[in-house]
Amino acid sequence: MDEIEIRDQSIRLGQFLKLANLIESGADAKAVIADEMVSVNGDVETRRGRQLQGGDVVELGGVSVRVAVR
């Protein structure tokens with residue numbers, strides 16, 4: 001599983017999806033989240049503004065990425 005470092009203590013889900021290159025734009029984030037295609041720590045997440053912390057695991061399309069805090 002890949003780890004993606006963030007600068008701050010938290011990041012919004014939509015921003016993290018772009019940072020991790022799981023999507024290409026904010027519009028893509030809105031669509032995949034609304035379609036319940038994204039899970040955080042194993043639970044489907046429907047809030048684009050969900051705050052992620054270090055250690056959270058985001059999954060989209062069978063790809064899992066862990067949030068790492070610098």
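Buried means under 20% relative accessible area, exposed over 50%, and partly exposed in between, with a 1.4 Å probe and protein chains only. The model is predicted: local features need pLDDT of at least 70, side-chain atom pairs count only at pLDDT 80 or more, and totals for chains, interfaces and linings use all residues. Residues are numbered from 1 along each chain as its sequence is written, and side-chain values use heavy atoms, leaving out hydrogens and water.

**View 1. An open sheet of five strands.** The strand order is 1-7-6-3-4, with mixed pairing. Strands (E, at least two residues) and helices (H or I, at least four) are DSSP runs, numbered from the N terminus. Two strands pair if DSSP finds at least two bridges between them. Strand 1 (2-6) and strand 4 (43-44) are the edge strands, each pairing on one side only.

**View 2. Strand 1 beside strand 7.** The two strands run parallel, joined by five bridges. Strand 7 covers residues 63-69. One bridge pairs I6 with V69 of strand 7.

**View 3. The largest nonpolar core.** Such a core is a set of buried Ala, Val, Leu, Ile, Met, Phe, Trp, Tyr and Cys residues joined through side-chain atoms within 4.5 Å. This one has 19 residues. L13, F16, L17, V32, V38, L52 and V58 have the most contacts inside it. At least two residues each come from strand 1, helix 1 (13-19), helix 2 (26-34), strand 3 (38-40), strand 6 (57-60) and strand 7.

**View 4. Contacts of L17.** Contact means heavy atoms within 4.5 Å. Neighbours within four places in sequence are set aside. L17 then touches L22, I23, A29, V32, I33, V38 and V58.

**View 5. Salt bridges between strand 1 and distant residues.** A salt bridge puts a side-chain nitrogen of Lys or Arg within 4 Å of a carboxyl oxygen of Asp or Glu. The structure holds four. R66 and E3 meet at 3.6 Å, N to O. R66 lies in strand 7 and E3 in strand 1, so this pair ties together parts 63 residues apart in sequence. R66 is partly exposed at 28% relative accessible area, whereas E3 is exposed at 53%. E5 and R70 form another salt bridge, at 3.8 Å, N to O. E5 sits in strand 1 and R70 in the segment after strand 7, 65 residues apart. Both E5 and R70 are exposed.

**View 6. A salt-bridge network around E45.** The closest N and O atoms of R47 and E45 are 2.8 Å apart. E45 counts as buried, at 5% relative accessibility. Shared partners join E45, R47 and R50 into one network.
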